[in-house]
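I opened the file to work through a few points in turn, and I note below what I looked up and what I found.

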Amino acid sequence: MLCCLGQTRSRILRRPARAVALALALLASACSDDGRERRRALGETPTFDDVMRVADSERGGRLFGQCAACHTISPGAGDRNGPGLYDVLGKPVASNSRRYGYTGALRSLGGVWTPELMDLWLSAPAKLAPGTSMSFRGLPDALDRADIIAYLRSHSPGDGDAEPRPARP
């Protein structure tokens, strides 16, 4: 009889624990922005424009935290291990900071930092400009890149909507 009470007690204790775990999981998912709704709205094969339409600059600011290890985003903040990125969109590549020593690989890339080019850069810097000193491997998620680009755009009072550059060869 004692054995049976132990099993019943254990079943009773497990159910509330499961309920609490489920409630905590639902609460956590409601508080986080993992982009599920935005991803669902994009469909299977979204274009760059589709992804940019649902980009969230506020979330991009949170994601920019990983960039902030090397880059600043405030006007006049200067450079760190990478150039300051305030007002970078719309500027010629490798020109946003007069003091930063851009690599030949980035200088030879040419063009203007458009949202499209920034997307290519953020996806794989070393692939776009082999020989770059930027050690960041890239962001594989298009929505994360779009959010960061929206954040950069919000910190580019100049021409953040410069002419698009042709797609990657």
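Leaving aside its neighbours within four places in sequence, which residues is Gly78 in contact with? I looked this up in what is a predicted model, and I found Thr72, Gly84 and Arg99 as the contacts of Gly78.

**Entry on Gly78.** I placed Gly78 in the loop between helix H4 (57-63) and helix H5 (104-107). With a relative accessible area of 15%, Gly78 is buried, because the cut-off for that word is under 20%. I also checked Gly78 against Arg98, which is 20 residues apart from it along the chain, and I noted 9.9 Å between the two C-alpha atoms.

**Entry on Thr72.** Since Thr72 had come up as a contact of Gly78, I turned to Thr72 next and found that it, too, is in the loop between H4 and H5. Its relative accessibility is 8%, and therefore I entered Thr72 as buried. Not counting residues up to four places away in sequence, Thr72 touches Phe64, Ala77, Gly78, Arg80, Pro83, Gly84, Leu85 and Tyr86. For one of these, Tyr86, I noted the C-alpha separation from Thr72, which is 7.2 Å for residues 14 apart along the chain.

**Entry on cysteines.** How many disulfides does a search of the whole structure find? I recorded 0. Cys67 is in no disulfide, and the nearest cysteine sulfur to its own, that of Cys70, is 8.9 Å away; Cys70 is likewise in no disulfide, with the sulfur of Cys67 as its nearest at 8.9 Å. That separation does not meet the cut-off, because a disulfide needs the two sulfur atoms within 2.5 Å. On accessibility I wrote down Cys67 as buried at 15%, whereas Cys70 counts as partly exposed at 31%.

**Entry on the nonpolar core.** I then looked at the largest nonpolar core, which has 32 residues, and the members that touch the most other members are Leu106, Trp113, Met118, Trp121 and Leu152. Helix H3 (48-53), H5, helix H6 (115-123) and helix H8 (142-154) each supply at least two residues of this core, and H8 gives the most, with 6 residues. I followed Leu106 further and found it in contact with Val93, Ala94, Trp113, Trp121 and Ala129, leaving aside its neighbours within four places in sequence.

**Entry on the largest pocket.** How much space lies in the largest pocket? I noted about 490 Å³. The pocket is lined by 29 residues, and those closest to its centre are His71, Gly82, Pro83, Trp121 and Met134. Among these, Trp121 had already appeared in my entry on the core, and Pro83 in my entry on the contacts of Thr72. H6 and H8 are the elements that give two or more residues to the lining, and H6 gives the most, with 3 residues.

**Entry on confidence.** I closed with the predictor's own scores, and the protein averages a pLDDT of 81, with 73% of the residues at 70 or above. Over residues 8-13 the pLDDT stays under 50, and the model has 0 contacts beyond four places in sequence for them. Over residues 19-32 the pLDDT also stays under 50, and here the model has 1 contact beyond four places in sequence. Where pLDDT is low, the predicted coordinates should not be read in detail.

Methods. Residues numbered from 1 in each chain as written. Predicted model: local features only at pLDDT ≥ 70, side-chain atom pairs only at ≥ 80, totals over all residues. Heavy atoms only, no water. Buried < 20%, exposed > 50% of the residue type's maximum accessible area, 1.4 Å probe, protein only. Helix = DSSP H or I, 4+ residues; strand = E, 2+ residues; numbered from the N terminus. Contact = heavy atoms within 4.5 Å. Core = buried A, V, L, I, M, F, W, Y, C linked by side-chain atoms within 4.5 Å. pLDDT = per-residue confidence, 0-100. 1 Å grid on protein atoms, 1.4 Å probe; cavity = no way out; pocket = protein on both sides within 12 Å on 5 of 7 lines; lining within 4 Å. Points joined across faces, edges and corners; volume = space filled by probe spheres on them.
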